[in-house]
Amino acid sequence: MIIARVIGNIVATVKHAAYHAHKILIVQPEDPFGKPDGDSFLAIDLVQAGVGDQVLVLEEGSSARLLLENDTAPARCIVVGVIDHVDIEDPQEMEKTSKH
Amino acid sequence: MYLGKVIGRVVATQKYEGLEGVRLMVVQPIDHDQKPTQAPLVAADAAQSGLGDIVYCESGREASMALDEKFVPVDQCIVGHVDEIDA
Amino acid sequence: MQFGRVIGSVVSTQKDPKIMNFKLLVVRTLNPANEDTGSYVVAVDAVGAGVGEVVLYATGSSARQTVQTDAKPIDAVIMAIIDSWDIQGEVVFRKE
């Protein structure tokens, strides 16, 4: 899983049956310190995440099919959790970030 | 399946149950000219390989099928030794 | 498997029911020279790893081959805590 931030919604009226009744979000990957890291992409929301939420995103096809309970779902990226907080406790990391 | 060269060894006493006694090697994936193709990774060793050996590896869930204990979280495994590359 | 260092944890209460009850750790990925690669992964812990520890993690469907993660939508699992590793006979990392 990766950490990402929800930055938008996609409205689509014509969609594959596997996507039916699911919200599609635009997510921006972030590092654990909240800095954008890489390009944004789309993910299916299963946890009622909203714009601005920091979320956990699964990026793997077979996990996506397990979550959607559909063996033939044409989907790979799923928002599986809204993050309350990320606790970074590694002293080596603290040292690095304090230098920034 | 891909070709690799064994470049190192990892020692880990605390492993997932079922991986006791399984050797973990650092493998540099290579092409047929023995040129590196990607960053090295760590593979379980099902073929008694040693440092410097040219080997072939399997990735994904199938990797664990080469081990005695098959239901283990292993995603790369050395499955054989290469004697000669004819390319 | 890939090298990583556990740098923290993720707390999430609003989760899909299929991934409840997992210890989710933030892992900074390392290259074989024990340098930061700049990328991170959130992985399930299957070996009792703690913050600061250098670990190996497996990805993809292999991550579901543990008792805890069997048939669960999990794509990365920490499966070993590293004591040491060497490259070409030179010790790169040794646990303190």
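Here are some exercises on a predicted three-chain model, each with a worked solution.

Some ground rules first. Residues count from 1 along each chain as its sequence is written, while chains are lettered from A and ligands numbered from 1 in the order in which they are written. As this is a predicted model, local features need pLDDT of at least 70 and side-chain atom pairs count only at pLDDT 80 or more, whereas totals for chains, interfaces and linings use all residues.

**Exercise 1. Confidence in chain A**

Work out where in chain A confidence is lowest and where it is highest.

Start with the scale: pLDDT is the predictor's confidence in each residue, from 0 to 100. Chain A averages 91, and 96% of the residues score at least 70. Now go element by element, taking helices (H or I, at least four residues) and strands (E, at least two) as DSSP runs numbered from the N terminus. The low end is α2(A), with a mean of 73. At the high end sits β5(A), at 97.

**Exercise 2. Chain B on its own**

Describe the fold pattern of chain B and say how compact the chain is.

Step one, count elements: chain B has six strands and zero helices. Along the sequence that reads β-β-β-β-β-β.

Step two, check the radius of gyration (taken over C-alpha atoms; the globule rule is 2.2 Å times the number of residues to the power 0.38). For chain B the radius is 12 Å, close to the 12 Å that the rule gives for 87 residues, so chain B is as compact as a globular protein of that length. Its C-alpha atoms fill a box of roughly 40 × 20 × 20 Å along the principal axes.

Step three, look inside. A residue is buried if 20 or more other C-beta atoms lie within 10 Å of its own, exposed if 12 or fewer, and partly exposed in between, with C-beta atoms placed from the backbone. On that count, 41% of the 87 residues of chain B are buried. For contacts (C-beta atoms, placed from the backbone, within 7 Å), take the pairs in chain B at least 6 apart in sequence: 51% of them join residues at least 24 apart.

**Exercise 3. Who touches whom?**

Find which pair of chains has the most contacts.

Two pairs of chains touch, and the most contacts are between chains B and C. Chains A and B share no contact; their closest C-alpha atoms lie 12 Å apart.

Take B and C: 27 residues of chain B meet 28 residues of chain C. On the chain B side, β1, β2 (14-15) and β4 (41-45) each give two or more residues, and β1(B) gives the most, with five. To sort that side by class, count Ala, Val, Leu, Ile, Met, Phe, Trp, Tyr, Cys and Pro as nonpolar, Asp, Glu, Lys and Arg as charged, and the others, Gly among them, as polar. You get 17 nonpolar, six polar and four charged residues.

Now A and C: here chain A supplies 28 residues and chain C 27. The chain A side has 16 nonpolar, four polar and eight charged residues.

**Exercise 4. Strands across the interfaces**

Trace the strand pairing from chain B into chain C, then from chain A into chain C.

Strands pair if DSSP finds at least two bridges between them. β1(B) (residues 2-11) runs antiparallel to β7(C) (residues 84-87), with four bridges; Arg9(B) has Asp86(C) as its partner there. Carry on within chain C: β7(C) is joined by four bridges to the antiparallel β8(C) (residues 90-94), and Ser84(C) partners Arg94(C). The two form a hairpin with two residues between them, and Gln88(C) in the turn has a positive phi of about 50 degrees.

There's also an antiparallel pairing of β2(B) with β6(C) over two bridges, where Gln14(B) stands opposite Ile81(C).

On the other side, two bridges join β5(A) to the antiparallel β2(C) (residues 14-15), and Gly81(A) faces Lys15(C).

**Exercise 5. Buried or exposed?**

Decide whether Tyr40(C) is buried or exposed, and list what it touches.

Tyr40(C) lies in β4(C) (residues 36-45). It has 23 C-beta neighbours inside 10 Å, so Tyr40(C) counts as buried. Beyond four places in sequence, its contacts are Asp31(A), Pro32(A), Val26(C), Val27(C), Arg28(C) and Thr29(C). The C-alpha atoms of Tyr40(C) and Thr29(C), eleven residues apart along the chain, are separated by 5.7 Å.
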